[in-house]
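Colleague: I should be grateful for a close look at a single part of this model, followed outward to its surroundings. Please take one connected site and treat it in full.

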Amino acid sequence: MSRGALARFLVRLLVTTTGLFVFAVGVVLNLRSGSGLSPWQALHFGLTLHTPLSFGQASQVVGLVMLLAAWAAGVRPGLATIMNAVLVGLFTDLLLASGFIPHQELGLSGLLMLLLSLVASGLGIAVYIRGGLGAGPRDGFMLALMRLTGRGASPVRIGIEVGATVGGLLLGAPLGIGTILFALGLGPSVGFWFKVLGVKPPAKRQPAPQRT
């Protein structure tokens, strides 16, 4: 590998790591907001009510399904897929242990923290995908649906988050106002930051030519 190629790779690695850290900040802001489970947390919790899976195992199973679905649609896993699985949890634990972000009760301060969570989560997703090293299971699934439908990040992500929320609801998970706001707000946040940072959506898959 030439020095130039190595330098470009290191820059992409730094961008990806930075994006994953910002996303982890969004996760902690959501957890500390006291406004209820996020859509995916609700789905994972709901699965634990009807299966022998633990919360972490449910998250892993759902992530694997999303990863395989995205791969089938042409969005292959990359280095960032592994980085997402390892670093987001690590950064989240470190931020929680630091106590830097205080816990809020449901109210004005909690809702403001939830809004900050949406901003940080959308920014983090856009930044680490901008690094070009791949995407985590759920974000890869978003890219796959964008590729299949030709739609932008905002409507596709809203559909995914609402779907996770409905799944959690049907499985009996407790929902809060934060669950609904997060489901409806993350998509516009991701779409906004995609535009600001110039993250290009994957090209829509073209139908295979018919044989004559």
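Modeller: A term is required at the outset: a polar contact is a pair of N or O atoms within 3.5 Å, where, within protein, one atom must be able to donate a hydrogen and the other to accept it. If the two residues are adjacent in sequence, the pair counts only when both atoms are side-chain atoms. By this criterion the side chains of Glu161 and Trp40 are joined by a polar contact of 3.1 Å. The model is a predicted one, and Glu161 is a convenient point from which to describe it.

Glu161 is placed in helix H7, which spans residues 153–170. Its relative accessible area is 1%. Since buried means under 20% relative accessible area, Glu161 is therefore classed as buried. Setting aside neighbours within four places in sequence, Glu161 is in contact with Pro39, Trp40, Phe182, Ala183 and Leu186. Trp40 thus appears both in this list of contacts and as the partner in the polar contact.

Glu161 also takes part in charge pairing. In general, side chains of opposite charge can pair when their charged atoms come close. Glu161 forms a salt bridge with Arg157, and the closest N and O atoms are 3.0 Å apart. The two residues both belong to helix H7 and are separated by 4 residues, about one turn of the helix. Both are buried; for Arg157 the relative accessibility is 3%, so this residue falls under the cut-off for burial.

Arg157 has a further partner. Its side chain meets that of Asp139 in a salt bridge with an N to O distance of 2.6 Å. This pair links distant parts of the chain, with Arg157 in helix H7 and Asp139 in helix H6 (residues 137–149), 18 residues apart. Asp139 has a relative accessibility of 6%, and therefore also counts as buried. The structure holds 2 salt bridges, and Asp139, Arg157 and Glu161 are linked in a network of them. One bridge lies within helix H7, whereas the other runs between helix H7 and helix H6.

Helix H7 also has a part in the surface. Val162, Val166, Leu169, Leu170, Leu175, Ile180 and Leu184 form a nonpolar surface patch with about 610 Å² of accessible area together. Helix H7 and helix H8 (177–197) each supply at least two residues of this patch, and H7 gives the most, with 4 residues. Val166, one of the patch residues, lies in helix H7. At a relative accessible area of 41%, Val166 is partly exposed, because that class covers values between the cut-offs for buried, under 20%, and exposed, over 50%. Helix H7 therefore carries both the buried Glu161, at 1%, and the partly exposed Val166.

Helix H8 may be followed a little further. Ser189 lies in this helix and counts as buried at 10% relative accessibility. Not counting residues up to four places away in sequence, Ser189 touches Leu118, Val119, Gly122 and Leu123. Its C-alpha atom is separated by 24 Å from that of Pro174, which is 15 residues away along the chain.

A residue in another helix may be added. Thr81 is found in helix H4 (residues 79–98) and is buried, with a relative accessibility of 9%. With residues up to four places away in sequence left out, Thr81 touches Leu67, Ala135 and Gly136.

The chain as a whole supplies the setting. It contains 8 helices and 0 strands. Of its 212 residues, 42% count as buried. Among contacts between residues at least 6 apart in sequence, 79% join residues at least 24 apart. The radius of gyration is 18 Å, which agrees with the value near 17 Å for a compact globule of 212 residues. The C-alpha atoms fill a box of roughly 60 × 50 × 35 Å along the principal axes. The accessible surface comes to about 11200 Å², of which 70% belongs to carbon and sulfur atoms.

Notes
Residues numbered from 1 in each chain as written. Predicted model: local features only at pLDDT ≥ 70, side-chain atom pairs only at ≥ 80, totals over all residues. Heavy atoms only, no water. Patch = residues over 30% accessible without salt bridge, like charges linked within 9 Å, V, L, I, M, F, W, Y side chains within 5 Å. Areas by Shrake-Rupley, 256 points an atom, 1.4 Å probe, with all protein chains shown as cover. Salt bridge = Lys/Arg side-chain N within 4 Å of Asp/Glu carboxyl O. Buried < 20%, exposed > 50% of the residue type's maximum accessible area, 1.4 Å probe, protein only. Contact = heavy atoms within 4.5 Å. Rg over C-alpha atoms; globule rule 2.2 N^0.38 Å.
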